[in-house]
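Let's take a walk through this structure, one chain at a time. Have the viewer open and keep an eye on overall shape as we go.

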Amino acid sequence: MNLFSAVRLAFGSIMTNKLRSFLTMIGVTIGVAAVIALVAIGQGTQRQIRSQIESLGSYLLTVNIRGRGADVAMTYREARDLTSDLPQVVAAAPVVSSSVTTKYGTREHDTNLLGTDQNLAVVRGMDVERGRFLAPLDVECRQRVAVLGQDVVRELFGFADPIGQEVKINGISFLVVGVLAPQGTSMMGSGDDQIIVPVTAARQLVESSGVRTLYVKGRDAEGVEVVTAVLEQRLSRRFKDPDAFRIFSQTQMLETVTQVTSTMTLMLAAIAGISLIVGGIGVMNIMLVTVTERTREIGIRKAIGARNRDILRQFLIESAVLGSLGGSFGIVMGLLLARLAGRAIGVTAVASPLVVGGAFVFSAGVGILFGVYPATRAARLDPIQALRFE
Amino acid sequence: MIRVENLVKTYRMGSIEVEALRGVTLEIARGEFVAVVGPSGSGKSTLMHLLGCLDTPTRGSYYLDGSLVSGLNSDDLARIRSRTIGFVFQGFNLLPRLTALENVELPLVYQGVNPTARRLKARECLEEVGLSDRANHLPSQLSGGQQQRVAIARALAGDASLILADEPTGNLDRRSGREILDLFSRLHRAGRTIVVVTHDMEVAARAHRLLRLQDGLLVGDERVG
Ligand SMILES: Nc1ncnc2c1ncn2[C@@H]1O[C@H](COP(=O)(O)OP(=O)(O)O)[C@@H](O)[C@H]1O
Ligand SMILES: [Mg+2]
């Protein structure tokens, strides 16, 4: 019997028990749907985080300085000089930061203050929408000027133009000189809910004047590596403690994120996969019932010349069709589910053909695997006993 | 065509052994029309199952077309059932979900004949039993006599040279039974070897040789007709 007519035969017997077949397939369907949906959401999340990291700007190094005990004070100048002699560095921006309360007229808004210099715009790829960014002179002359994020503008000014207005930051007046273009939300927190001032002017506003973050933009990938090594060395010498600081390169972050999200996705898929196995047991159960019900048919087929392997094949194909039919429904359901859930949590689900194809093959495999025992039983039936069966 | 020597078949049911055949020796030549008669439980069906390669003897040897069949493995037996033997049952044993034509095709499916060729052959066989107009009917849409004719067509489809029928008219009324017998006579004239188990002396009268079984032993072998 060729494969095509065998599959048609299998469809035929599946269709004679529509409800029963359907209930059996639901197990596989749910399992496959869960795997597909979770993997699609997982991959979507991963892609989203990656693009956020990539949007931070290329060849970016982030140095977090935690200090050692009380020795946290790395001054702006000190931080700036860490990389100023390195030709591989395009720009470096030390940042001090603090939570502050901003005020304009009667409106108040709590936000995050960054004290830095003109280089931050270059290093982080920030654009201003209106006005200007910090200038070198602002830093040198301790100008009380501020660049506002979109959220801060909305909270304090509504639709009014903030440029040229004075805002109070923790009670001290600053002149608004610029508004950042929308930054979006990244792993670094909201890029829109922040206010940027010259590091020299920030001194009165921050509890600790120590630089907590240093952003460094390298010239190229190789440069980033060199700079990382040099910084590692210099900071070790400065703090005498490898835990006092941490250097992240973008590649490293991407790797970490990919690893974490992949592991998470895999784990979720594995948990969902368990329900596939439960579905497989359902298939096995119904195949055993089918074999018993069709004992007489098996006897007849054997009596007219079917070999054991013909019977084996017939029932294996039937359970494979059952499995892959359930799998196909599951794929459709999973993709729908991923899209709906993705929309709900703001992630674009990614359906990779590999996963979809894999799920199909896997569900057919589950059908075959759990069909082996019932099919073997069918194949081994003694023709005479089978023919006597009522 | 058939030669059995000292054929013994013992069924075990728990601790009890039932000797269904207790040493049957006989020979059937190609082209014979043989009837097997005997009281119920005398071992007629058991003998037919052994001759039809559906079962294997406990002891004794069975030569079919000169080659030893007893002791072959199940695949080889399946091949013999497929190529050489056509079995006709009392209860027809058609597959209920297949049409008459598809039922007749079935032996050819297991012979690996391609779909076009087997359709053609199956139609021929249905025509031979006079049922070409019922090709697409399901067994449930056919009378008992018609179902048995489909079963005979199925036995013919595989080009069986040996037709074994176990009480083929047992479930049929007299008229349908007679049609089936006419069919067997015709097949016999066409050169097939036919062995029929029966209770009905009218059936036995059609045959050219009568075998009598009793308690698992062959007690009579006579030429008739
Ligand atoms: N599968 C079996 N298991 C146990 N005993 C059987 C089996 N088949 C037949 N027998 C016994 O073997 C004897 C012969 O049976 P059978 O060949 O069917 O007789 P017949 O067809 O002449 O009526 C009977 O006693 C029957 O009970
Ligand atoms: Mg009997």
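**Two chains, one after the other**

Buried residues account for 48% of the 390 residues in chain A. Keep in mind that this is a predicted model, so everything here is computed from predicted coordinates.

Let's stay with chain A for a bit. Its secondary structure adds up to 12 helices and 12 strands. Now for the overall shape: a compact globule of 390 residues would have a radius of gyration near 21 Å, but chain A comes out at 33 Å. The box tells you about the extents: along the principal axes, the C-alpha atoms of chain A fill roughly 105 × 50 × 35 Å.

What does the domain assignment give for chain A? There's domain 1, made of 3–52 + 258–388, and domain 2, covering 60–219. Try colouring them separately in your viewer. Taken over C-alpha atoms, the centres of domain 1 of chain A and domain 2 of chain A are separated by 56 Å.

How about the contacts? Take those in chain A with a separation of 6 or more: residues 24 or more positions apart account for 81% of them. On the outside, chain A has an accessible surface of about 18,700 Å², and carbon and sulfur atoms hold 59% of that. As for charge, chain A carries 39 positive and 32 negative charges, and the mean positions of the two sets sit 10 Å apart.

On to chain B. Here the secondary structure comes to 7 helices and 10 strands. The radius of gyration of chain B is 17 Å, close to the 17 Å that the globule rule gives for 225 residues, so chain B is as compact as a globular protein of that length. Its C-alpha trace spans about 45 × 40 × 35 Å along the principal axes.

How many of the 225 residues of chain B count as buried? The figure is 56%, with "buried" meaning under 20% relative accessible area. Look at contacts in chain B between residues at least 6 apart in sequence, and you'll find that 69% join residues at least 24 apart.

That leaves the surface and the charges. Chain B exposes an accessible surface of about 9,600 Å², 46% of which belongs to carbon and sulfur atoms. It has 28 positive and 26 negative side chains, with the centres of the two sets 2 Å apart.

Methods. Residues numbered from 1 in each chain as written. Chains lettered and ligands numbered in written order. Predicted model: local features only at pLDDT ≥ 70, side-chain atom pairs only at ≥ 80, totals over all residues. Heavy atoms only, no water. Helix = DSSP H or I, 4+ residues; strand = E, 2+ residues; numbered from the N terminus. Rg over C-alpha atoms; globule rule 2.2 N^0.38 Å. Buried < 20%, exposed > 50% of the residue type's maximum accessible area, 1.4 Å probe, protein only. Contact = heavy atoms within 4.5 Å. Areas by Shrake-Rupley, 256 points an atom, 1.4 Å probe, with all protein chains shown as cover. Lys, Arg positive; Asp, Glu negative; His and termini not counted. Charge placed at Lys NZ, Arg CZ, Asp CG, Glu CD. Domains from an automatic or database assignment.
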